[in-house]
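Open the model in your viewer and keep the selection box at hand. Each stop below tells you what to select next and what is there.

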Amino acid sequence: MGRERSWWGWGWADEQVEGDELEGIGALLADRFGVDVPSPASPVDPRTIPLPAPRVRAPAALAGLVSEDPVDRVRHAHGNAFRDVVRTLHGDLDAAPDLVVRPRSAAEVAAVLDWCTQDGVICVPWGGGTSVVGGVRPPDEPCVSLDLERMSALTGLDEASGTADIEAGATGPMVEDALRAHGLTLRHFPQSWEFSTLGGWVATRAGGHFATGPTHIDDLVAGVTAETPAGTWSSRPLPGSGAGPSPDRWLLGSEGILGVITEATVRIQPRPGSRAQATFGLPTFAQGLAAVRALVRHGLQPANCRLLDPVEATMSGSARPNETDTLLLLGFEAPDGPLTERMDTAVELVADHGGALRDGPTHRRGDATGASQGSAGAWRSAFLRMPYLRDGLARYGAVVETFETAVPWAGAQDLVEELRTAAEQATREVCGAGQVAVRTTHAYPDGVAPYLSVIAPGPAMAADGPARGRAAADAWGEVKAAVSEVIDAAGATITHHHAVGRDHRPWYDRQRPGPFAEALRAAKARLDPAGVLNPGVLIDP
């Protein structure tokens, strides 16, 4: 039997925070915030969660694809947003799908959509279930979860053109395993990579771990195929085209409301064989931003270019406690050959803005995908562990959230300070206290993507059972709204790489142009006339 995913939270069940690690989280909460910390809640047995009997029955032709298992339905009743996790661990669900359907081919996806359209059954497309914005949360209506895990094959490889055809249900490891045999990589590594899927990346316009260059899935998609209630949507995989609006752009970020993505043609490249990295200390975050701007404007395109404020640096173990430097983690990758010249130029540019080397530079050869050492290695380890720690904090009723956005350089420093102030004030007002850490995730010639992490105690810590989960979710909602208002007022984007889902809808509605919203509604009405595909995401049902 293979490893099991957590039914209520992030990742693998056997990697959930338990024992000494869980007790350590409680001790840190008590020490950092001076509060009485309750005993951590234990996840309920999912078999004890009461679910209504399925309200729908699939046609006989689809019967072999359908699961009515209660635990399977519970697993598909939520994503991995904080609200989902902190309530689900107590068995507190708003709704669950009536059935989980696992098609094996595009033809079977089309058959499921035909049935749902004819009978008015809601269909929520499901990739890895890793949405952190409520994107796969089902409505309390007759509903099926359409899980594409059986559709994960590499169906075509064009090494001369540098493209691969891959089914939408392939997870990150499946994609890389299939390409590694040919010495190739998609080079797309979101934090959810281990569990999220190619179709989910396309549907949510996912951003990868690399800080510059081709890192968004938008940059890597050459063609998309989807099944819609109105028929098959398939674009030609071309290196470029001026033939009208791009059909792929309609599906990128569509979040399952226009069709079910079944396959994508993606741009691939040789695996990296050379890596260089260094860590710098800078006196202030503002100087760090100026250094990052200089690097990207110089055209260096570092693979890693993360700026960490002192709180983020300490939390991740990249710096020692009470250090006041802002850290810049810098890395370069190439298929082969030395990176000395690029790193030497970067050292000079960072020094021009008050930066001093702390680690490195180090240079390594061989397959170096994702490899990192020193402060960068410590940060990467904390980055990958953080979703599990978030779930541990949720068991105590603490409030945990991240805010990510992107803004032009001209407003970057002001927005960072406004967001930090707003998050600190909101956590004080709602939770009594809070800790706010700031970093940048991506950098562009014209702007940067700031990212805030918030941890706070709160009223939920005094409650038990489902009341603890609901109180934490309510407090989270208040903090999220306060910070999101600042993002919107600054003219920044409400989401840089986490998608819209249901949690970002109020601010997305303000961000998008009105005529575009009308065009999106018209497309939805034409492609999905019965309105069965993931209602409530991007536009109202």
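The tour visits sheets, backbone turns, rings and empty spaces in turn. Keep in mind that this is a predicted model.

**Stop 1: a sheet of four strands**

Start with strands E1, E2, E4 and E3. They form an open sheet in the order E1-E2-E4-E3, and the pairing is mixed. Which strands stand at the edges? Select E1 (66-67) and E3 (122-126): each has a single partner strand, so one side of each is left without a neighbour in the sheet.

Now add E2 (residues 99-101). E1 and E2 run antiparallel and are joined by two bridges. To find the register, select Ser67, which stands opposite Val100 in E2. Strands of a sheet pair through backbone hydrogen bonds, either parallel or antiparallel.

**Stop 2: an enclosed strand**

Select strand E16, residues 399-404. Is it enclosed or open? Five of its six residues are buried, so the strand is largely enclosed by the rest of the structure. Next, bring in strand E19, residues 447-456. E19 and E16 run antiparallel, with six bridges between them. Check one place along the pair: Val399 stands opposite Ala456 in E19.

**Stop 3: a strand start**

Go to Thr326. This residue belongs to strand E14, which covers residues 326-334. Thr326 has a relative accessible area of 2%, under the 20% cut-off, so it counts as buried. Add Leu282 to the selection. Thr326 and Leu282 are 44 residues apart along the chain, yet 5.1 Å separates their C-alpha atoms.

**Stop 4: backbone exceptions**

Most residues other than glycine have a negative phi, and most peptide bonds are trans. Three places here depart from that pattern.

- Select Gly360 and Pro361. The peptide bond from Gly360 to Pro361 is cis, with omega near 5°. Pro361 sits in strand E15 (residues 356-365).
- Select Glu255. Its phi is positive, near 55°. Glu255 is in the loop between helix H8 (247-251) and strand E10 (260-267). With a relative accessible area of 10%, Glu255 is buried.
- Select Asn534. Phi is positive for Asn534 too, near 40°. This residue lies in the segment after helix H16 (514-527). Asn534 is buried, at 2% relative accessibility.

**Stop 5: rings**

How many aromatic pairs does the structure hold? There are six. For one of them, show Phe189 and Trp193: the ring centres are 5.5 Å apart and the planes are at 55°, so the pair is tilted. Colour the two by accessibility. Phe189 is buried at 17%, whereas Trp193 is partly exposed at 22%. The cut-off between the two classes is 20%, so these residues fall on opposite sides of it.

Next, select Trp10, Trp12 and Phe195. Ring pairs link these residues into a cluster.

Two arginines also deserve a look. Arg187 lies over the face of Phe210, at 3.6 Å from the ring centre. Arg439 lies over the face of Tyr451, at 4.1 Å from the ring centre.

**Stop 6: a closed space**

Rolling a probe the size of a water molecule over the atoms shows where empty space is left. How many cavities of 30 Å³ or more are there? The count is one. The largest cavity holds about 90 Å³ of space. To see its walls, select the lining, which includes Ala77, His78, Arg83, Asp84 and Arg87. Among the other lining residues are Asp92, Leu93, Arg137 and Pro138. By class, the lining has six charged, four nonpolar and two polar residues.

**Stop 7: an open pocket**

Finish at the second largest pocket, with about 930 Å³ of space. Which of its 37 lining residues are closest to the centre? Select Arg205, Asp218, Thr493, Thr495 and Gln511.

Then show the elements around the pocket. Helix H7 (217-220), H8, strand E17 (407-408), E19, helix H15 (505-511) and H16 each supply at least two residues of the lining. Colour the lining by class to end the tour: 17 residues are nonpolar, 13 polar and seven charged.

Conventions: Residues numbered from 1 in each chain as written. Predicted model: local features only at pLDDT ≥ 70, side-chain atom pairs only at ≥ 80, totals over all residues. Heavy atoms only, no water. Phe/Tyr/Trp six-rings, centres within 6.5 Å; stacked < 30°, edge-to-face > 60°. Buried < 20%, exposed > 50% of the residue type's maximum accessible area, 1.4 Å probe, protein only. Lys NZ or Arg CZ within 6 Å of the ring centre and 35° of its normal. 1 Å grid on protein atoms, 1.4 Å probe; cavity = no way out; pocket = protein on both sides within 12 Å on 5 of 7 lines; lining within 4 Å. Points joined across faces, edges and corners; volume = space filled by probe spheres on them. Nonpolar A, V, L, I, M, F, W, Y, C, P; charged D, E, K, R; others polar. Pairing = 2+ DSSP bridges.
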